[in-house]
Structures are given as structure tokens and as C-alpha cells.
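The questions below ask how the terms used for a structure follow from its values. Each answer sets a value against a cut-off where one is needed.

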There are 2 protein chains.
Amino acid sequence: MEKPLILVSNDDGITSRGIRVLVEAMQTFGEVVVVAPDSPQSGMGHAITIGDTLRLEKSDIFGEIAAYECTGTPADCVKIAKHYVLKDRRPDLVVSGINHGSNTSISVLYSGTMSAAIEAALEGLPAIGFSLCDYSSEAELEHVVPYVRQLAAEALTKGMPRGVALNVNFPPKREQPIQGVRVCKQANAKWQEEFDERFDPYGRRYFWMAGNFVNFEEDDNNDEWAIANNYVSVVPCQYDLTSLSAIEVISDSWEF
Amino acid sequence: MEKPLILVSNDDGITSRGIRVLVEAMQTFGEVVVVAPDSPQSGMGHAITIGDTLRLEKSDIFGEIAAYECTGTPADCVKIAKHYVLKDRRPDLVVSGINHGSNTSISVLYSGTMSAAIEAALEGLPAIGFSLCDYSSEAELEHVVPYVRQLAAEALTKGMPRGVALNVNFPPKREQPIQGVRVCKQANAKWQEEFDERFDPYGRRYFWMAGNFVNFEEDDNNDEWAIANNYVSVVPCQYDLTSLSAIEVISDSWEF
């Protein structure tokens with residue numbers, strides 16, 4: 001059997017610690033190719049580069065492993081990997097991360113990490129985005145490696161349900177070890193933003209966006225609960241956003 | 001009864017023709033406040049500004065109507081509108097657009113127009129993103145105005161099903177008039193990218209991303225069919241990406 005081909009990307013950029021840990025974990029499974037942003041792209045959501053050019057340069061940052069850094073977004077990286085770098089070679093798995101920071105709940109919508117995974121899912125490829133719920137660039141990562149390997153192994157052998165990518169979040173390193181894996185829902189929550197108003201040295205106003213996370217969940221079948229209780233959360237995310245129940249409501253009650 | 005408060009944003013920027021048409025259409029319903037990007041933000045997906053500052057300036061571009069231009073993304077605009085510009089005033093409706101270009105099918109994922117609407121839906125506000133399937137900045141827009149008004153009126157009187165925003169696309173101006181409105185699904189399709197490789201005057205390689213749209217649909221209950229057949233498409237989009245069926249598949253067959 002041919003060795004699996006695994007494409008690795010992320011949104012923190014090719015020099016981040018998270019992608020290095022992910023590349024090393026994937027090496028045990030097969031051939032790894034890295035195409036990642038040349039600079040941090042956090043919060044880029046599913047942005048793509050339209051109306052501007054892209055650069056792509058080979059990088060020796062991972063030694064023998066083929067690696068490319070791209071000026072674009074995470075979604076751009078997967079597109080150029082699929083259609084230019086790998087051309088007719090189809091990856092068996094696409095992984096993104098390990099993100100330095102949580103992508104639980106609605107943060108998935110803003111996540112560059114998950115946009116790379118969703119972009120791969122759009123191509124019909126099994127894809128997983130990995131995030132660590134610790135924003136520190138120095139955060140401990142070793143405790144999540146066995147779970148990264150296990151989930152990648154399952155995706156390689158069992159494939160992925162059609163039309164989804166997995167959003168995997170890991171608890172930060174705590175005294176208590178990780179309790180296991182929960183396949184669960186995206187928590188119903190929101191960011192309550194605050195805009196910190198300041199003035200620059202020229203007297204012009206500017207803002208920093210800040211916010212508090214507000215969790216509306218009372219149950220235990222969601223990713224916020226999983227992380228709080230020291231489980232790995234696995235949320236299968238679909239890129240078909242259609243709400244079938246809302247189609248029914250609107251068709252029945254709205255007049256056109 | 002107090003006049004409704006309507007927040008207007010977009011992704012083509014505050015000077016685009018599409019937002020002007022939308023502002024004029026909304027004026028008939030109540031008080032309009034505009035917070036829109038100061039420059040085009042197409043393809044920004046659900047990007048937000050993290051780790052950088054935002055500027056917000058008052059604009060007189062719409063005369064008497066309160067308008068603000070923001071250096072951020074469409075999602076940033078809705079956040080700063082909600083939490084800073086409007087503070088304790090809750091909009092009765094948030095509309096985004098009219099985008100110059102299609103946001104049907106999976107283009108919804110890349111759409112700045114829809115990210116503004118989804119951002120509003122996250123706040124529990126009725127929200128609609130409007131797009132015209134014609135990329136020309138000079139495209140005819142008048143034929144869609146009655147539909148913009150009708151959909152806004154329905155949203156104002158009937159509200160929106162919980163957890164969704166509407167993705168509304170309009171056919172380009174054709175000889176045949178618009179045939180009506182279809183509440184339907186996001187078409188199953190993809191972009192088949194091509195990367196056009198070029199060299200700059202200094203001999204360095206760069207790329208333009210281009211692509212062809214590949215439609216996998218054979219049925220008529222989707223937005224691509226609607227637009228092709230001269231209907232307005234209305235797709236209710238949910239921001240909870242969880243695939244419940246995939247939770248079941250993975251829980252049953254994967255080993256952790």
C-alpha cells in the first residue's frame with residue numbers, strides 16, 4: 001500500500017510551534033507536505049485573496065519535508081496546495097493547526113484554522129482543524145499529541161462523513177490528565193464585545209476590540225462543556241449552511 | 001409605534017452603488033444607520049480584526065442619514081455598530097449589501113456581505129444579506145428594489161427563525177422580468193481553482209487565483225437553479241455548523 005499523503009496548514013503561520021508539533025505527529029503516517037501562511041492570519045475566517053496576487057516560496061524550515069510559505073490566507077493555502085503544489089496528487093488527509101487559542105463554539109466562524117479544514121472538505125478531502133485552548137505561544141503542546149495521532153489515524157482509515165470537517169479543540173495542560181474525547185455540538189454562545197476607545201499621538205481616535213465570552217449552554221453535549229471538563233472536543237462542521245427548518249417556517253409564513 | 005431602526009452595512013465599501021440603493025430602500029421603513037467598510041472587503045469571509053486597531057469616522061455621504069465608515073471588515077462593522085455606535089439601541093433589522101456579485105452556493109462561505117448578516121444573527125437580530133449576480137459595478141440594480149423592500153417588510157413584521165440569517169441573491173437584469181421568490185437550499189457546488197503563474201519585472205514568481213464554478217446539482221430546490229431561472233433565491237443560513245448526523249456516524253464508528 002502506498003504511504004498516505006498528508007497536507008498540513010495552519011493560520012498562525014509556518015514558523016509557529018503548533019504547526020511544528022502537527023508536522024512531527026503526521027510524519028509517522030506517511031508523506032507530509034506543508035503549505036502555510038508566511039505570517040499570522042488569526043481571525044481571518046474564510047477569507048480568500050481576490051483582486052490581489054499571491055506569492056509562494058519553498059521553505060526548508062522542516063528539513064526534508066516539502067514545505068511552502070504563502071502570502072495568502074489559510075483558505076488560499078489549501079487552494080494553492082491542492083491545485084498547484086500537489087496538482088494531480090490527492091491528499092488522503094488535510095490537517096490544520098495546532099492553533100494557539102480556542103476555536104470552540106462560534107469562534108469556529110472566525111477561525112482561519114477551520115477555514116483551511118473546511119476548504120479541504122469542499123474538495124471532498126477528509127480534514128481536521130486542531131486547536132489548543134491556550135493562547136500563549138509558549139503553551140504546553142505535548143499532552144495533546146496522542147489525541148492528534150489517534151484522530152488522524154481514524155480519519156485515514158475510516159474517512160470522513162460527507163460534507164463535514166472536524167473542529168477539534170484540546171484543553172490546556174492541567175494537573176489532571178485529559179479525560180477522553182467527546183463528539184459533540186458547537187456550544188451556543190456569543191462574544192460580548194467592548195470597544196476600548198483611545199487617542200493616538202496626533203489626537204485621532206482609534207479602537208481596540210475586546211470582548212467577553214458569554215456561554216448560553218446548560219447541557220453537557222457541547223464543546224465548551226468538554227473543554228471545561230478536560231475532554232477533547234470533536235465537532236463535525238458542515239459547510240452547507242442551509243437551515244431546512246427555517247426554509248419551512250419562511251415558506252409557510254412569509255408573503256412574496 | 002416607534003419607527004423601526006435599521007442598520008445597513010456591506011462589503012463593497014460605503015461608496016459603492018449597491019449600499020446606496022439599499023439605504024434608499026430602507027429609508028421608507030424607519031430610521032437608518034449605516035456602518036460600512038471604508039474600502040472594498042470582498043472575499044473577506046467572516047474575518048475580524050484581532051491584534052490591530054480600528055478607526056471609525058462619521059461620513060456625510062448619505063446626507064441626513066447617520067453614516068460611519070470603518071477601517072475593519074464587514075463583521076467588525078456590525079460589532080462596532082452594535083456595541084459602540086448604537087450602544088443600547090437594538091436594531092429591528094440588519095441588512096447588508098447590495099453586493100456587486102453572486103453569493104450563491106458555497107460562495108456564502110467567502111462572503112463579506114453574509115458575514116455582516118451572520119454577525120447580526122449571532123446577536124439575535126433579524127438579518128438579511130442581499131447580493132446581485134452581476135459583478136459589474138455599473139450593473140442595473142433598480143429591478144431588485146421591490147424585492148428588497150418586500151423581504152425587509154416581512155422580516156420587520158414576522159421576525160426571523162432563531163439562529164439564521166437570510167442569504168438573498170438576485171438575478172442580473174434580463175429581458176424577462178424576475179419570476180418570483182424561491183426559498184431554497186445552498187447549491188452543492190465548488191470552485192475549481194486555477195493558479196495563473198506569472199513573473200514580476202524583477203523575475204520573481206507570483207500567482208493570480210482564478211477559477212471555474214462547478215455545479216453538482218440536478219434538482220431545482222437550490223439557489224443556483226433559482227438564479228439561472230430568473231427567480232430571487234432566499235437561503236436561510238445557520239451559524240451553528242454542527243452536523244448532527246456526522247456526530248452519530250463518528251460516535252458509532254471511531255475509536256478514541
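**Terms and their grounds**

Q: Where is H83(B) found?
A: In this predicted model, H83(B) is found in helix 2 (residues 74–85) of chain B.

Q: Why is H83(B) called partly exposed?
A: H83(B) has 17 other C-beta atoms within 10 Å. A residue is buried at 20 or more and exposed at 12 or fewer. The value of 17 lies in between, so H83(B) counts as partly exposed.

Q: Which residues does H83(B) touch, not counting residues up to four places away in sequence?
A: H83(B) touches E193(A), E194(A) and F195(A). Contact is judged by C-beta atoms that lie within 7 Å. By contrast, the C-alpha atoms of H83(B) and I178(B) are separated by 38 Å, with their positions 95 residues apart along the chain.

Q: What stands opposite E193(A) in strand 10 of chain A?
A: E193(A) stands opposite G211(A) there.

Q: What makes strand 9 and strand 10 of chain A a pair?
A: Strands pair if at least two bridges are found between them. Strand 9 and strand 10 of chain A have 11 bridges, in the antiparallel sense, and therefore count as paired. They form a hairpin with five residues between them. In the turn, G203(A) has a positive phi of about 80 degrees.

Q: How many residues does each chain give to the contact?
A: Chain A gives 63 residues and chain B gives 63 residues. On the side of chain A that touches chain B, the elements that give two or more residues include helix 2, strand 9 and strand 10 of chain A. Helix 6 of chain A gives the most to that side, with seven residues.

Q: What kinds of residues make up the side of chain A that touches chain B?
A: They divide into 35 nonpolar, 18 polar and 10 charged.

Q: Why does S251(A) count as partly exposed?
A: S251(A) is found in helix 6 of chain A. It has 15 C-beta neighbours inside 10 Å. Since 20 or more would make a residue buried and 12 or fewer exposed, S251(A) therefore counts as partly exposed. S251(A) and R174(A) are 77 residues apart in sequence and 50 Å apart in space, C-alpha to C-alpha.

Q: Why are the two copies said to be related as by a two-fold rotation axis?
A: Chain A can be laid on chain B by a turn of 180 degrees and a shift of 0.0 Å along the axis, with an RMSD of 0.0 Å. The two copies are thus related as by a two-fold rotation axis. The same surface serves both copies, as 100% of the contact residues of chain A recur in chain B.

Q: What makes strand 3 and strand 8 of chain A edge strands?
A: Chain A has an open sheet of nine strands in the order 3-4-2-1-5-6-7-11-8, with mixed pairing. Strand 3 (56–59) and strand 8 (181–183) of chain A each pair on one side only. The twist of this sheet averages 20 degrees from one strand to the next.

Q: How do you know that strand 7 and strand 11 of chain A pair?
A: Six bridges join strand 7 (residues 164–170) to strand 11 (residues 232–238) of chain A. Pairing needs at least two, so these strands pair. They run antiparallel. One of the bridge partners in strand 11 of chain A is V234(A), which belongs to V168(A).

Q: Which helix of chain B lies across strand 7, strand 8 and strand 11 of chain A?
A: Helix 7 (residues 244–253) of chain B does, running at about 135 degrees to strand 11 of chain A.

Q: What makes strand 7 and strand 11 of chain B a pair?
A: Strand 7 (residues 164–170) and strand 11 (residues 231–238) of chain B pair in the antiparallel sense over six bridges. The bridge partner of N167(B) in strand 11 of chain B is V235(B). Helix 4 (residues 112–122) of chain B packs on the sheet, touching strand 7 and strand 11 among others.

Q: Which residues touch the most other members of the largest nonpolar core?
A: Of its 156 residues, these are I128(A), A165(A), I128(B) and A165(B). Not counting residues up to four places away in sequence, A165(B) touches nine residues, among them M114(B), I128(B) and C237(B).

Technical notes. Residues numbered from 1 in each chain as written. Chains lettered and ligands numbered in written order. Predicted model: local features only at pLDDT ≥ 70, side-chain atom pairs only at ≥ 80, totals over all residues. Least-squares fit on C-alpha atoms with pLDDT ≥ 70 in both. Contact = placed C-beta atoms within 7 Å. Core = buried A, V, L, I, M, F, W, Y, C linked by C-beta atoms within 7 Å. Helix = DSSP H or I, 4+ residues; strand = E, 2+ residues; numbered from the N terminus. Axes fitted to C-alpha atoms, helices over the stretch in contact; angles between N-to-C directions. Nonpolar A, V, L, I, M, F, W, Y, C, P; charged D, E, K, R; others polar.
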